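Colleague: Please take me through the aromatic side chains and the nonpolar packing in this model. I would like a close look, with the residues named.

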Amino acid sequence: MTENRINIMDPQTPAPAAAAVSEKPQVEYASVTERFVALLIDYGVVFIPAQLLAGLVLKLLGPDAELWQIVALFGGINVLFILYETIFSCGDRVTLGKALVGIAVVKKDLSGPVSLPRAFMRAIGYYVSAALLMCGFLLAFFDDRHRALHDFFGGSVVVQIRQKTWLERTLVRLLGGVLLAAFAWTAYTQYFGGGSLLQEYYIRHAKEHLGKIALLEEAHRSRYGYYTNDLLRLSLLSGDPVQFQRDTQKILQPRGFKIGVKGDSYKISAVAKDAKKTPVYYSSGQ
């Protein structure tokens, strides 16, 4: 009877057990473009309907809308986005944007989906990344697994969950470029272009306060026969001079306020407390 022996030192003779151990699943990490497209889709899913609703509420409130109401509305929208990202990034779930792009969030060791607490920390990480002038997102360009700052918060990576054709990859890249340009332009106009609702709030309230000062000017002329550039005298006519002074300091910049009186006319100039320090004016007969 002939014995069949395997020489383990022979490089031409494969060792079945060793070959099985060396085999590892091939994982393809999501590209930065794919992740950005998915994020903007998810952003739109939550923020577009919510902002339309918030705009309707603010329109109904009209000029009586207070700062805390604006903050509460947009704070609620951000809480909704955090819940959306948390719930659909843990377990075997994916957000709509990631489902359309074909990617998913998993643990950094690829052992399975992230837990609910980790998904929550990851969602909070979006805002930390944004607060750092978007630098947290830029980490994805330098990390070998395209991990952004919020991935480090959640102990996660984003991987491909289906194969894509060349056409699909090209369309995702083109869409990513268009959305990136649109996002950059929107961010610019909101932060530097004077289009934010918060900035409009400060300017509107500054103009309204100048209108109140103008009413006091008319009351002063009616009582004393002339206009005055003395804000203290005007505050005494308000009925609550201490509160009037507090409102003035709260709504207007300390520098830049001036009342110019010339005969039977006057002009009030001031600076609103918005980020751009917008000048506001009110003149007699306005």
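Modeller: The model is predicted. Start with the rings. There are nine aromatic pairs in the structure. Take F81 and Y127. Their ring centres are 6.4 Å apart and their planes meet at 75 degrees, which is over 60, so the pair is edge-to-face. F81 belongs to helix 3 (residues 67–87) and Y127 to helix 5 (residues 116–131), so this pair ties together parts 46 residues apart in sequence. What is the relative accessible area of each partner? For F81 it is 4%, and F81 is buried. Y127 has 28%, which leaves Y127 partly exposed. Both rings also belong to a wider group: Y43, F47, F81, Y126, Y127 and F137 make up one aromatic cluster.

Now a second pair. Y227 and Y266 are also edge-to-face, with 4.7 Å between centres and 65 degrees between planes. Y227 sits in the loop between helix 9 (197–224) and helix 10 (231–236). Y266 sits in strand 4 (residues 265–271). The two are 39 residues apart, and the pair links distant parts of the chain. Are these tyrosines buried or exposed? Y227 is buried, at 8% relative accessible area. Y266 is buried too, at 5%.

Two rings carry a charge over them. The charged end of R233 lies over the Y224 ring, 5.0 Å from the ring centre. K267 places its charged end over the ring of Y281, at 4.8 Å from the centre.

Next, the nonpolar packing. The largest nonpolar core has 19 residues. Which members touch the most others? They are L210, I213 and I268. Helix 9, helix 10, helix 11 (241–251), strand 4 and strand 5 (279–283) each give two or more residues to this core. Helix 9 supplies the largest share, six residues.

Look closely at I268. Leaving aside residues up to four places away in sequence, I268 touches L210, I213 and A214. Its contacts also include F257, K258 and I259. V280, Y281 and Y282 complete the list. Y281 thus appears twice in this account: as a contact of I268, and as the ring under the charged end of K267.

Apart from this core lies another, of 11 residues. Its members include A30, A38, V101 and V105.

Conventions
Residues are numbered from 1 along each chain as its sequence is written. This is a predicted model: local features need pLDDT of at least 70, side-chain atom pairs count only at pLDDT 80 or more; totals for chains, interfaces and linings use all residues. Side-chain values use heavy atoms; hydrogens and water are left out. Rings of Phe, Tyr and Trp (its six-membered ring) pair if their centres lie within 6.5 Å; planes under 30 degrees apart count as stacked, over 60 as edge-to-face and the rest as tilted. Helices (H or I, at least four residues) and strands (E, at least two) are DSSP runs, numbered from the N terminus. Buried means under 20% relative accessible area, exposed over 50%, partly exposed in between (1.4 Å probe, protein chains only). A charge sits over a ring if NZ of Lys or CZ of Arg is within 6 Å of the ring centre and within 35 degrees of the ring normal. A nonpolar core is a set of buried Ala, Val, Leu, Ile, Met, Phe, Trp, Tyr and Cys residues joined through side-chain atoms within 4.5 Å. Contact means heavy atoms within 4.5 Å.
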